[in-house]
Amino acid sequence: MIRKLVVEGITIFPRQIAVDFVPGINVIIGSNDSGKSHLLKLSYALSKWSEKSLRREFPETWAEEGRLRRHLLGAFGARELASLISRQRAGEPARVHASFQGDKAPLGCAEVAFTLSAGRESDQLSITTMPQRFLQENALYMPPREVFSLFPCYAQLSKRSPELLDPISRDLCSALEDESSTAPPPADELRSVQRLISAMLRGRVRRVNSRFELQRGSEPPLEMSLVAEGFKRPATLSLLIANGNLRPGSTLFWDEPEMNLNPAHLPLLCGIMLGLSRAGVQLILSTHSLFLLRELVIRLRQESHSGITRRFISLHTPPEPGAPVQVSAGHTPDEIGPLDSLEAEMEQADRYLRMPPAPTAPC
């Protein structure tokens with residue numbers, strides 16, 4: 001699990017920021033263009049690079065630099081590393097330091113640090129600190145777009161032209177495709193999450209060849225392309241739990257989980273998140289939804305959820321042009337200062353209450 005990230009000079013973070021993550025639920029809040037998705041993608045790229053692979057016991061630094069470069073470019077969809085360096089660095093290298101922890105990687109021995117620099121003819125990634133241990137569990141990224149509509153294309157192109165799909169969607173399709181018969185049955189908490197997802201969908205999702213269907217009782221199966229958009233990503237989670245790719249120890253990066261969901265479904269979505277956390281999944285999510293944020297706070301204050309670690313991270317963009325993003329964090333939203341979404345909602349509520357009575361419609 002990723003535990004700490006220090007960034008200086010990456011994308012819209014020209015000055016150093018430091019973010020600590022907890023093993024439970026991490027909620028990143030901020031306005032558009034404040035860097036929420038960039039923080040998720042950078043953390044995901046590092047986690048994906050650090051997870052177990054076919055690397056040798058003592059990997060060569062140059063080979064790991066190449067792998068890390070590919071993961072970074074893939075996560076951001078960039079062509080060159082120079083695109084990831086802040087425009088305000090004035091030729092100075094960007095720096096990143098990350099700390100991981102896991103069953104086989106105790107805190108302090110799974111640290112990686114590297115620099116990014118861009119020259120006139122080439123760019124360079126240099127690892128200055130190599131981990132002594134690598135992660136033993138996997139990382140998954142749930143983007144705002146759903147992948148069910150992409151999966152038939154992935155099944156056709158993954159072997160011949162994988163570059164035609166963006167790497168994040170390709171990673172998720174690959175995780176969906178993996179149906180290992182040796183995967184252990186889901187833990188009790190994860191089975192509870194599957195039941196919550198089935199309650200939201202009013203049915204059970206299943207894979208049939210290279211397509212997916214939703215089975216609702218005795219009704220004929222419904223192709224996932226015909227299912228409401230807001231239900232498709234929770235359905236993806238259910239399949240990942242079933243095939244063993246979302247399991248205790250996994251880290252799930254979830255960009256805007258409320259996307260396309262009616263607020264009436266958000267309490268159930270919070271139950272899904274809490275169930276994943278109780279099962280040992282590290283959740284790192286970003287959101288614009290004040291409803292979802294408040295619902296999480298309400299649920300986390302219940303005694304039954306007191307054992308779930310939580311951290312709220314605010315990214316605030318000052319109004320001055322060129323001013324760096326400010327980061328604050330705490331165990332409750334009250335500790336991280338004013339939230340743009342809260343201010344906007346309260347201002348709208350005031351305007352609504354001040355409206356004059358509507359004129360009586362003529363008969």
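This is a short talk on one protein chain, its helix H5, one buried threonine and a group of aromatic rings.

Hi everyone. Please keep in mind that what we have here is a predicted model. Let's start with the whole chain. There are 9 helices and 14 strands in it. Of its 363 residues, 49% are buried. If we take the contacts with a separation of 6 or more, 66% of them are between residues 24 or more positions apart. The chain exposes about 18,300 Å², and 51% of that comes from carbon and sulfur atoms.

Now let's look at helix H5, residues 188-201. With 14 residues at 1.5 Å a residue, H5 should span 20 Å, and its end C-alpha atoms are indeed 20 Å apart, so the two agree. Which residues of H5 are buried? They are Leu 190, Val 193, Gln 194, Ile 197, Met 200 and Leu 201. These residues cover an arc of only 115° around the axis, so they sit on the same side of H5. Here is a handy rule: an α-helix has 3.6 residues a turn, so residues three or four places apart point the same way. On the other side of H5 you will find Asp 188 and Arg 195, which are exposed.

What do the buried residues of H5 pack against? Their partners are strand E9 (211-215), helix H6 (229-242) and helix H7 (266-278). Just after H5 comes Arg 202, with a positive phi near 60°.

Let's follow that trail into H6, where Thr 236 is placed. Thr 236 has a relative accessibility of 1%; buried means under 20%, so Thr 236 counts as buried. Its side chain reaches the backbone oxygen of Lys 232 at 2.9 Å. Setting aside neighbours within four places in sequence, Thr 236 is in contact with Met 142, Phe 148, Leu 172 and Leu 176. Take Leu 172: from Thr 236 it is 64 residues away in sequence, yet the C-alpha atoms are 9.1 Å apart.

Last stop, the aromatic rings. The count comes to 3 aromatic pairs. In one of them, Tyr 44 and Tyr 141 have ring centres 5.3 Å apart and planes at 65°, so this pair is edge-to-face. Tyr 44 belongs to helix H1 and Tyr 141 to strand E7, so the pair ties together parts 97 residues apart in sequence. Tyr 44 is buried, at 4% relative accessible area, and Tyr 141 is buried too, at 3%. Ring pairs also bring in Phe 253, making a cluster with Tyr 44 and Tyr 141.

Thanks for listening!

How values were computed:
Residues are numbered from 1 along each chain as its sequence is written. This is a predicted model: local features need pLDDT of at least 70, side-chain atom pairs count only at pLDDT 80 or more; totals for chains, interfaces and linings use all residues. Side-chain values use heavy atoms; hydrogens and water are left out. Helices (H or I, at least four residues) and strands (E, at least two) are DSSP runs, numbered from the N terminus. Buried means under 20% relative accessible area, exposed over 50%, partly exposed in between (1.4 Å probe, protein chains only). Contact means heavy atoms within 4.5 Å. Accessible areas come from the Shrake-Rupley method with a 1.4 Å probe; for residues, only the protein chains shown count as cover. The expected span of a helix is 1.5 Å times one less than its number of residues. The arc is that of the directions from the helix axis to the C-beta atoms. A polar contact is a pair of N or O atoms within 3.5 Å; within protein, one must be able to donate a hydrogen and the other to accept it, and residues adjacent in sequence count only if both atoms are side-chain atoms. Rings of Phe, Tyr and Trp (its six-membered ring) pair if their centres lie within 6.5 Å; planes under 30 degrees apart count as stacked, over 60 as edge-to-face and the rest as tilted.
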